[in-house]
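Q: I am new to this structure and would like a close look at a single part. Please walk me through the sheet and the loops around it.

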Amino acid sequence: MSSRGKASKFISAAALTAALVPGVSLALPKEGAELPNARLEDADGKALQMSSLKGKPILIVYEDKDSAKQNQPLKDDLSKLAKGDKYKQKVALAAVADVSGYDWWPAKGFVKDAIREESKKQKTTIYCDWDGSFRKAYGIRKGVSNVILVGKDGRVLFAGSGALGASDRKKILELLGSQVEG
């Protein structure tokens, strides 16, 4: 067999193995799946382990600078909910910026400053995924807005990529409401 044929078989086998081996994430977590534990940090280096949020519903919004406006209607709906103390205290929001392309000096310093400024403006902590490990752990698509809602039990209730339609936004708000009320 030629080396080209061997390489082709190897690539096919590797792709099949990746699809079958547990823990190799090729897509967003499925509804009902347990939330993987991953680590994030804010612009000041303060760490957040996702496992520390178990017991509260967790809303993960993962975006980069190009996809930040993609789910603005959902963010508008969520900001209306956040005006009351009930949701602020009972829901863990993990706003995550994909900054993996800026993990080098001096860019990292400028990005940290911009993240700090945006966190103040949005009145919420924005966490940074500097090396893409969070994105990989969750099977998040690069370059689009990703939204994952996790229940108090640590299981995924909703996961979606790209601009979410009205029915998905409604579903997220209803699921979030049931987690807060229930």
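Q: In which loop is Pro106 found?

A: This is a predicted model. Pro106 is found in the loop that runs between β4 (92-98) and α4 (107-122). The peptide bond leading into Pro106 from Trp105 is cis, and its omega is near 5 degrees.

Next comes the loop between α4 and β5 (126-129), where Lys123 lies. Lys123 is not a glycine, yet its phi is positive, at about 60 degrees. Its relative accessible area is 77%, so Lys123 counts as exposed, the cut-off being over 50%.

Now the sheet itself. Seven strands form an open sheet, and their pairing is mixed. The order is β2-β1-β5-β4-β3-β6-β7. At the edges are β2 (47-49) and β7 (156-161), each pairing on one side only. From one strand to the next, the twist averages 25 degrees.

Look at one pair within this order. β3 and β6 (residues 146-150) run in the antiparallel sense, joined over five bridges. Val61 stands opposite Val147 of β6. Helix α6 (residues 166-181) lies across β3, β6 and β7. Relative to β7, helix α6 runs at about 155 degrees.

One more loop links β3 (58-63) to α2 (72-81), and Lys69 lies there. Lys69 is exposed, because its relative accessible area is 67% and the cut-off is over 50%. Along the chain, Lys69 and Ala163 are 94 residues apart. Their C-alpha atoms are separated by 9.0 Å.

Conventions: Residues are numbered from 1 along each chain as its sequence is written. This is a predicted model: local features need pLDDT of at least 70, side-chain atom pairs count only at pLDDT 80 or more; totals for chains, interfaces and linings use all residues. Side-chain values use heavy atoms; hydrogens and water are left out. Helices (H or I, at least four residues) and strands (E, at least two) are DSSP runs, numbered from the N terminus. Buried means under 20% relative accessible area, exposed over 50%, partly exposed in between (1.4 Å probe, protein chains only). Two strands pair if DSSP finds at least two bridges between them. Axes are lines fitted to C-alpha atoms, for helices over the stretch in contact, and angles run from 0 to 180 degrees between N-to-C directions. Contact means heavy atoms within 4.5 Å.
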